[in-house]
Amino acid sequence: MGLVEAIGELFRDGVQASPARFACELILIATLAALLIDRLLFRGSGVGARRLAAVGTAIALGVGAWQLAGWLVDHESSPTRSVPLFSGLLVFDGLTAFIRVYLLLFTLLMISLTSLSGIPDRDDAPDFYLLLLGSMLGLMVLAAANHWMIVFLGVEMASVPSYVLVGFLKGRRISSEAALKYMVYGAGASGVMLYGISLLLGLLGTGSLSEMGPSLLGALGGDGSLATPITRTLILALALVFCGIGYKLSAVPFQFWCPDAFQGASAEVALALSIASKAGATAALIRIGLAMIDVLRIAPSAQEVGTTLGVGLAVLAAITTTFGNLSAFPQTNMKRLLAYSTIAQAGYLLMGVAALFVIGLAPTASAAEAARQATGSAEAIEAVLFYLCVYCFMNLGAFSVVVAVRNQLFSEELPQWAGVARTAPGLAICLALCLFSLTGLPPLGGFVAKLKVLGSLYNAGQYHPVLWGVMVVGALNTVISLVYYLRVLQTIFFHPAPADAVSVRQPLGLGLGRFVALVTVPVVLLGLIVDPLAGLLHDIARSLIR
Amino acid sequence: MTQVLLILVLLPLAGAGLTWFLGRTNPERARALTLVNTLLSLALCVQMVLAYDPGLKSGSEPQVLQMVVSYPWLGGGGDGPDIRFSLGVDGISLWMIALTGLLMVTSVLVSWTAVTENPAAYYSLMLLLQAGLVGVFAAQDIILFYLFFEFTLIPLFFMIGIWGGHDRRWAARKFFIYTFAGSVLTFLGLLFIVLSHQTMSAQPGQPLTFNIPKLVADITQLTAPANRANYEYWEQVGPWIFLALFAGFAIKVPLFPFHTWLPLAHVEAPTAGSVLLAGVLLKIGSYGFLRFALPMVPEACWTMLPWVAWLSLIGIIYGALLALAQDDIKKLVAYSSVSHMGFCMLGLFAFNTTGMAGGVLQMINHGLSTGALFAIVGLLYERYHTRDIEAYGGMTRKFPVMAFFFVTVIFSSIGLPGLNGFTGELLALMGMFKADRLYAMFALTGIILGAWYSLWLVQRTFFGKFREPIVEHAYHAAPGAPTTAAAHSHGGEHGAGHGHGASHGGHDDHGHGGHGHAAPRGPVGDPSIGDLNVRELFAVVPLVACMFWIGLAPQYVLDRITPSLAPIEKRMQDTRQAALEMRAKRVEVAANGAEAAGQAGSDVALVGWKQSQKD
């Protein structure tokens, strides 16, 4: 296909549908442009970067929500799985619509948090929001990717701004060091990922996720056992691709940057890294899983590849969770502790994805079995998405408490937080709720999320017993995590404040306190009223499984 | 009154919020609100007990589960999970909830003056704990049960950690982590039961049920020997499920090697925490065995019987021996709990109605007697700020009323006829004797040891030579007594006098009494410290009244317990019968030379058990 024809192709099917369904990203791009112009032309005298970013994000969120609602209505009348955008480079479906809303809502919450916390200050605000929105744009593209090159592009678009964000606290050595570490790691991971993608392209002759199946069938020619060089190359390539995504997800063994970056960056940036990039990476993993399910439907001889990948992912997930939790034990810096906690949480997300791989890629014997598999896969996706939703709020809660206390105490060291509960009981209770939810105690949202993931692992265990082992590891890890979460609570509730300490006062009705309360409420509500969100996610998940 | 359970859960929850918001500036108000709330709950509990009809039948079957409320909660559509907010009581949970209601009032009354730091938060947490406890016993849905089970940990964690004794922080964390670690495994076991129930019933399109009575009924049917495949599957996974359930419940009871959290938590907790922990929370463990392990994996229970029985026996004797060695009153009572709960478990694992009824009755009895003991010890501690047994002596002469109640409670705890402990121990022993004489013999040793350490405690503290601890902070003295600077100086003066008295080790009681302290019939020792006042009487008297009631007329309680145990006994005996038949069949197959049938471990154990019966 020549260049001209390609451009023609792009426009033929793209003009009517694509830009409309790409509206959220376009609005963000416009906002980015406006931010740049505002910074160049009206420095200090314009409408203000924060307001501009907030308005742009809010509009994009409105459009995204509208599209999600529209997708739901369309889906009920005529179930369609997906609409390709830009000649199949991107894809619009329930997952795309949902992740967009998720990321945009999170961005809006981030903007309100930063406006309350005072980081960034007025001079830095245009840069900060430019980078933040740019990174979100990358993640949204990543979540909608239907082509290996777009996956790579998305990871890079999301990563490059976040390198700068990590080093945003200018003049602090630890911050610069963190940024450098993060960047070197990121560059390495991207390189490895790109190598994997090039292997895939060479192997299959196409970069499109949805066209992998037929190419693979042609390449394999019926022999799909692990002994053939082609399947080995396929596994190697996918494993290399996982390096890039695992690095965004901070899964073991690509987690080394995470604690340092979190400790070096401001709590706000750490928060953005912990939630948004995990959501994007998880969505990309789900996409790859779905593509693999399609591949195996067309080329069933490669079944063994699927199971190997799924089990490998599950074991990696179990290691990630255990590693994260155990490493959090001796931490005394709150950001560092929460960094390890997010590694552990990423493990749970990964467990859900592994369940999807194992269930979806298992051999299909009969029609009834296929239906059961479809239900199981949909449940796994639903579990992961639900986990993401709860995770967003509980991490927001925990980090915003860190922000609130830091702003008064000027310390993120746990021992200095002693007795915070006496002067700021509301803040402490919110932190307790978030940490209990992160542990997975009922009746909080975290419990329901873990329950769903463990349920999926049980289902997957019927296809491969290793997943049952992972389920037990996952459940036991909640106990390990409880140990260090309780240490935090013990310090702020039980220990008396040091005599010379500044007392933290933050009523829940004011400023940051109000924000903390606002994000803690969903943590509780999602544990009590599950059905509306679970129903929506169920519809989305079902639509993804053909 | 069908909504009574819902109200019993919601009332303390609402009360907790109210106490927190209205009581923060006014501790008086916080206390009063909590007391009113717990009294209302107690009234509802009485109403519930009266409304429970042990003879109620649906069709020809007795209807033991009553006052059921059920609302859809999570899922429910299609083939997804159907988790319901369903509550109900049978003859076992009925008494557990009533016990909670009773002990809550005691807990509020003994905390009245003892808790001075942030009382609003303290009482709110206590009410939250009550809601959780009522919920645990009333829940008829597995997720709901687990929810309440975990929910009880959080308030207690903060109660111990903030208002506890010297080592409270570590105690709170250890308690939380221990219990949580076990309960996670228990939860996995329960989840496995739910999910394999769905697999076994093999009816696509059915919602995934978490309803406990339905699961019990279905599993009984599905794993009947007639369904060979399911039967063998259950035979295979049963022991693993049992172990998972065991992990959580055994820690909660606590059985012997898992008891180490208990003395620490009991000793460090504030008085109300100890009362509720020993009185009600431990019962969740034995209740869990009765509610889940026995009816759902009966065969595994038979297999594991020797293990559980020996662990219980070790607990009984080891706990008693440790109690003998303690010099801290609270620690002594804590170790005695290990001993008593072992006894209770042994009764339950007799697997016959007599033994199980005894076990359940012992659960109630232990709740009453240990609750009362911790309450009285707490009152003593509030007066003198020491729990050291050596520091006390001859307290009868100073606190005749307290001594009366303390001795009565001790008698109840060692099983004196006419008091509640006797009835429970008798039934449990009879049941055990029926099941296995060996266990009964060993358990008897525990009773003797129990009488020893209990009576020795009474002797050392309340009888003998009068000895009063030195009061360091007289202003903490019991309310009603003059708490002035003068009283303070009295305390100091007395401290000197005490030292003097100690040097006259050879003096008899009378001589010591006439040591110039006061007139012989007036208050002895520090006059600023008085006997039980009206509030404290109200905390203790209801418990003692219940002890006499159960001791003298246990039939009312037993009439309600027994029908709920009958199905469990039937299930246990049927399973044993079925297992023996299956075993015989397999032996036959093997003897016929068709092929050597693999023998499951459980068969071997069962036959061994049967043989020991014949001996």
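**Exercise 1. Describe the contact between chain A and chain B in this predicted model, beginning with polar contacts.**

Step 1. Across the interface of chain A and chain B, 3 residue pairs are in polar contact, both residues of a pair being at pLDDT 80 or more.

Step 2. Next, find the elements involved. On the side of chain A that touches chain B, two or more residues come from each of α16 (425-439), α17 (445-461), α18 (466-494) and α19 (511-528) of chain A. The largest share, 14 residues, belongs to α18(A).

Step 3. Sort the residues on this side of chain A by class: 23 are nonpolar, 7 polar and 3 charged.

Step 4. Turn to the extent of the interface. Here 33 residues of chain A are in contact with 33 residues of chain B. The area buried between the two chains is about 3100 Å², and carbon and sulfur atoms give 78% of it.

**Exercise 2. Find the salt bridge across the interface of chain A and chain B, then explain what the pair A:D124 and A:K170 ties together.**

Step 1. The rule finds 1 salt bridge across the interface. Its partners are A:R422 and B:E117, with the closest N and O atoms 3.2 Å apart. The cut-off is 4 Å, so this pair counts.

Step 2. Over all chains, the structure holds 23 salt bridges. One of them joins A:D124 to A:K170, with 3.0 Å between the closest N and O atoms.

Step 3. A:D124 is in the loop between α4 (94-117) and α5 (125-144) of chain A, while A:K170 is in the loop between α6 (148-166) and α7 (173-204) of chain A, so the salt bridge ties together parts that are 46 residues apart in sequence.

**Exercise 3. Describe the largest pocket and the largest cavity.**

Step 1. The largest pocket holds about 1600 Å³ of space. It is lined by 50 residues, and those closest to its centre are A:I429, A:L433, B:W20, B:L125 and B:L128.

Step 2. By class, the lining of this pocket has 39 nonpolar, 7 polar and 4 charged residues.

Step 3. A search of the whole structure finds 7 cavities of 30 Å³ or more. About 130 Å³ of space lies in the largest cavity. Its lining has 14 residues, and A:G440, A:L454, A:T478, B:Y146 and B:F187 lie nearest its centre.

Step 4. Two or more residues of this cavity's lining come from each of α17 and α18 of chain A and α7 (168-201) of chain B. The lining divides into 10 nonpolar, 3 polar and 1 charged.

How values were computed. Residues numbered from 1 in each chain as written. Chains lettered and ligands numbered in written order. Predicted model: local features only at pLDDT ≥ 70, side-chain atom pairs only at ≥ 80, totals over all residues. Heavy atoms only, no water. Contact = heavy atoms within 4.5 Å. Buried area = accessible area lost by both parts, 1.4 Å probe. Salt bridge = Lys/Arg side-chain N within 4 Å of Asp/Glu carboxyl O. Polar contact = N/O pair within 3.5 Å; in protein donor to acceptor, adjacent residues only side chain to side chain. Helix = DSSP H or I, 4+ residues; strand = E, 2+ residues; numbered from the N terminus. Nonpolar A, V, L, I, M, F, W, Y, C, P; charged D, E, K, R; others polar. 1 Å grid on protein atoms, 1.4 Å probe; cavity = no way out; pocket = protein on both sides within 12 Å on 5 of 7 lines; lining within 4 Å. Points joined across faces, edges and corners; volume = space filled by probe spheres on them.
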